[in-house]
Amino acid sequence: MGAGLTVSAYSAATGAALWTDTLAGFPASAAIVSVRTWPGEVTAGVSYSQAGSAHRTEVVLVGPTGVQSGRYPASPYG
């Protein structure tokens with residue numbers, strides 16, 4: 001689940017909280033606009049404005065721990 005710049009993960013089996021991570025290094029205008037789960041990882045799409053243009057970055061987190069493993073520019077159409 002994502003809100004603002006915070007991503008939280010929960011167990012699908014029990015609903016118990018697993019981890020929470022606040023994404024750093026984005027401008028004040030940034031917000032999570034999507035969260036997806038994949039086997040072993042979570043991706044959070046972050047949208048923001050910088051220098052008058054819109055940007056989107058995908059942040060990859062290791063599923064079981066929430067440790068960030070990469071950041072990549074999102075493709076223009078999703």
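Let's start where two strands meet: E6 and E7 pair in the antiparallel sense, and 5 bridges hold that pairing in the count. One of these links can be picked out by residue, since Val-60 has Gly-70 in E7 as its bridge partner. Keep in mind as you look around that this is a predicted model.

Now step back to the sheet around this pair. E6 and E7 belong to an open sheet of 4 strands, ordered E4-E5-E6-E7 and paired in the antiparallel sense. Strand E4 (31-38) and strand E7 (68-73) are the edge strands; each has a single partner strand, so one side of each has no neighbour in the sheet. Going from one strand to the next, the twist averages 20 degrees. As background, strands of a sheet pair through backbone hydrogen bonds, and the pairing can be parallel or antiparallel.

Within this sheet, Thr-57 is a good residue to zoom in on. Thr-57 sits in strand E6, which covers residues 53-62. Is Thr-57 buried or exposed? Its relative accessibility is 11%, and because buried means under 20%, Thr-57 counts as buried. The side chain of Thr-57 makes a polar contact of 3.3 Å with the side chain of Tyr-48. Leaving out residues up to four places away in sequence, Thr-57 touches Phe-26, Ala-44, Gly-45, Val-46, Tyr-48, Arg-71, Tyr-72 and Ala-74.

Two of those neighbours, Phe-26 and Val-46, lead us to the largest nonpolar core. This core has 14 residues, and those touching the most other members are Val-7, Leu-23, Phe-26, Ile-32 and Val-46. At least two residues of the core come from each of strand E2 (6-10), strand E5 (41-50) and E6. The top contributor is E5, which gives 4 residues. Leu-23 shows what the surroundings look like from inside: apart from neighbours within four places in sequence, Leu-23 is in contact with Leu-5, Val-7, Ile-32, Ala-44, Val-46, Val-59, Leu-61 and Gln-68.

For a contrasting view, turn to Ala-17 in strand E3, residues 17-22. Ala-17 has a relative accessible area of 61%, and because exposed means over 50%, Ala-17 is exposed. Which residues does Ala-17 contact, leaving aside its neighbours within four places in sequence? They are Ala-9 and Tyr-10. Finally, you can relate Ala-17 to Gly-66: the two are 49 residues apart in sequence, while their C-alpha atoms are 12 Å apart in space.

Key: Residues numbered from 1 in each chain as written. Predicted model: local features only at pLDDT ≥ 70, side-chain atom pairs only at ≥ 80, totals over all residues. Heavy atoms only, no water. Buried < 20%, exposed > 50% of the residue type's maximum accessible area, 1.4 Å probe, protein only. Polar contact = N/O pair within 3.5 Å; in protein donor to acceptor, adjacent residues only side chain to side chain. Contact = heavy atoms within 4.5 Å. Pairing = 2+ DSSP bridges. Axes fitted to C-alpha atoms, helices over the stretch in contact; angles between N-to-C directions. Core = buried A, V, L, I, M, F, W, Y, C linked by side-chain atoms within 4.5 Å.
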